[in-house]
Amino acid sequence: MSKAVLKTIKESMKEIGINYQFKKWKGHPTYPYFVGSYQEVPTPGEDGMQETSFILTGFARSDGNVDGVLQLEEAKQTIKNYFNTGKVVTTDSGSVVAIFYANSLVIPTGDAELKRIEIHLTVKEWKVT
């Protein structure tokens, strides 16, 4: 995964109003918030494409006035709408990146108030050599 892809995801999250940081949240959390990680997928071929599964892990905290599950579902829908038909970007280096919504998974936390979701994006990058 290139820095250009990480930059594109960061800018996309900012554009749609999602609290986001890569790898871990630094500072006091503003719920809901998401942290990003990725796993590269073996992609044999001669077209220079690298495929990556990008994971947005979201957290929200429920209290008397706020439903954490609802916050995460609303954020998921925003992310899904943004990436559902694919976001295609040509980076400054000339590489082309396509990012698509893949799926989501709700994960128990063991804390009655803390809610968690994973949103998977498929990233395809064609690098210029």
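**Exercise 1. Work out how β2 and β3 pair, and name the bridge partner of Gly36 in β3.**

Step 1: get the sense of the pairing. β2 and β3 run antiparallel to each other, with 9 bridges between them. Helices (H or I, at least four residues) and strands (E, at least two) are DSSP runs, numbered from the N terminus. Two strands pair if DSSP finds at least two bridges between them.

Step 2: pick out the bridge. Gly36 has Leu56 as its bridge partner in β3.

A word on the model before going on. It is a predicted one, where local features need pLDDT of at least 70 and side-chain atom pairs count only at pLDDT 80 or more, while totals for chains, interfaces and linings use all residues. Residues are numbered from 1 along each chain as its sequence is written, and side-chain values use heavy atoms, with hydrogens and water left out.

**Exercise 2. Put the strands of the sheet in order and find its edges.**

Step 1: line them up. The open sheet has 6 strands, in the order β1-β2-β3-β6-β5-β4, and its pairing is mixed.

Step 2: look at the ends. β1 and β4 each have a single partner strand, so one side of each has no neighbour in the sheet. From one strand to the next, the twist averages 30 degrees. (Axes are lines fitted to C-alpha atoms, for helices over the stretch in contact, and angles run from 0 to 180 degrees between N-to-C directions.)

Step 3: recall the background. Sheet strands pair through backbone hydrogen bonds, either parallel or antiparallel.

**Exercise 3. Describe the β4-β5 and β5-β6 hairpins, with the glycine that has a positive phi in each.**

Step 1: take β4 and β5. They pair in the antiparallel sense over 4 bridges, and one of these joins Thr90 to Val96 in β5. The hairpin leaves 5 residues between the strands, and Gly94 in the turn has a positive phi of about 95 degrees.

Step 2: move on to β5 and β6. This antiparallel pair has 11 bridges, and Val106 finds its bridge partner in Ile117 of β6. Here 6 residues sit between the strands, and Gly110 has a positive phi near 85 degrees.

**Exercise 4. Check the length of α1, then sort its residues into buried and exposed.**

Step 1: do the length check. Helix α1 covers residues 3-15, and at 1.5 Å a residue its 13 residues should span 18 Å; the end C-alpha atoms are 18 Å apart, so the two agree. (The expected span is 1.5 Å times one less than the number of residues.)

Step 2: find the buried side. Val5, Thr8, Ile9, Ser12 and Met13 are the buried residues of α1. Seen down the axis, they fall within an arc of 130 degrees, so they line one face of the helix. (The arc is that of the directions from the helix axis to the C-beta atoms. Buried means under 20% relative accessible area, exposed over 50%, partly exposed in between, with a 1.4 Å probe and protein chains only.)

Step 3: turn the helix round. Facing away from the buried side are the exposed residues Lys3, Lys10, Lys14 and Glu15.

Step 4: see what the buried side touches. Those buried residues pack against β1, β3, α2, β4, β5 and β6, where contact means heavy atoms within 4.5 Å.

**Exercise 5. Identify the backbone oddities in the loop between β1 and β2.**

Step 1: recall what is common. Most residues other than glycine have a negative phi, and most peptide bonds are trans.

Step 2: spot the exceptions. Lys23 is not a glycine, yet its phi is positive, about 75 degrees. Lys23 is exposed, with a relative accessible area of 64%. Tyr31 and Pro32 are joined by a cis peptide bond with omega about -15 degrees, and Pro32 sits in this loop too.

**Exercise 6. Classify two aromatic pairs by their geometry.**

Step 1: set the rule. Rings of Phe, Tyr and Trp (its six-membered ring) pair if their centres lie within 6.5 Å; planes under 30 degrees apart count as stacked, over 60 as edge-to-face and the rest as tilted. The whole structure has 6 aromatic pairs.

Step 2: apply it. Phe22 and Tyr38 are stacked, 6.2 Å centre to centre with 15 degrees between the planes. Phe22 in strand β1 and Tyr38 in strand β2 are 16 residues apart. Trp25 and Tyr33 are tilted, at 4.8 Å and 40 degrees.

Step 3: follow the links. Ring pairs connect Trp25, Tyr31, Tyr33 and Phe59 into a cluster.
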